[in-house]
Amino acid sequence: MAKEQKPQIRVNATSHGAAAKAATRLKMSLGEYTEAALDYFTSRQLNPADDVAREGQLIMQQVKKLGDRVFSYMQEEERNLLLPMLEEMLRSRITLERVLRMNEILVNNLNGQLSLLSEGQLAAHRETLKKLRQQNDEAVERQLKEVLAGTQPVGSGKKVGEGQSGKKDTEPSS
């Protein structure tokens, strides 16, 4: 039987000695070490004779990968978070503008009707308006508290549903 012949590479004695020492230190054969080194440079398309450029190329590759990941993350955030927030803000703004215009029309109509009322009727309407305004302010405050309570992080020894006193919101305070 003929022995399989392997390709050979000629290197100078200094390089051979350095490679043999490195292979021994890593507990590899000289052939395994040489194959791993060749695979490293060929897979990364690096020039092994250019030390400084090689390190710079590796760093630049990693920076590019990181930049791509950051950019991808930012695009994802824009699609899934920022655009829906902008849409909701615009919807609220348009709704607010329409409500304000409608209020202007209603106030103008109301002023026309109020000019026809007597002083006693005007006083009764003012009192009713005060009560409505107070009810509206209370409802706004209640909704604001509910929304803010829902955004408070759970932590600092408090359990969900506990207020600042540390007692459950449903318990009467003493």
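**Confidence.** I started with pLDDT: this is a predicted model, and the protein chain averages 82. I see that 84% of the residues score at least 70. Then I went looking for the weak part. Over residues 159–174 the pLDDT stays under 50. For that stretch I get 12 contacts beyond four places in sequence, and I'm leaving its details alone.

**Fold.** Next I pulled the secondary structure. I find four helices and zero strands in the protein chain. Read from the N terminus, the order is α-α-α-α. I noted helix α3 as residues 51–114, since I come back to it below.

**Burial and contacts.** How much of the protein chain is buried? I get 5% of the 174 residues. I also checked contacts with a separation of 6 or more: residues 24 or more positions apart account for 3% of them. For the surface, I have about 16300 Å² exposed by the protein chain. Carbon and sulfur atoms supply 57% of that area.

**Nonpolar patch.** I then asked which residues form a nonpolar patch on the surface. My list reads L83, L86, M89, L90 and I94. Together they have about 480 Å² of accessible area.

**M89.** I picked one of the patch residues, M89, for a closer look. I place M89 in helix α3. Is M89 exposed or buried? I have it at 52% relative accessibility, and exposed means over 50%, so M89 counts as exposed.

Note on methods. Residues are numbered from 1 along each chain as its sequence is written. This is a predicted model: local features need pLDDT of at least 70, side-chain atom pairs count only at pLDDT 80 or more; totals for chains, interfaces and linings use all residues. Side-chain values use heavy atoms; hydrogens and water are left out. Helices (H or I, at least four residues) and strands (E, at least two) are DSSP runs, numbered from the N terminus. Buried means under 20% relative accessible area, exposed over 50%, partly exposed in between (1.4 Å probe, protein chains only). Contact means heavy atoms within 4.5 Å. Accessible areas come from the Shrake-Rupley method with a 1.4 Å probe; for residues, only the protein chains shown count as cover. pLDDT is the predictor's confidence in each residue, from 0 to 100. Patches are made of residues with over 30% relative accessible area and no salt bridge: like charges are joined within 9 Å, nonpolar side chains (Val, Leu, Ile, Met, Phe, Trp, Tyr) within 5 Å. A salt bridge is a side-chain nitrogen of Lys or Arg within 4 Å of a carboxyl oxygen of Asp or Glu.
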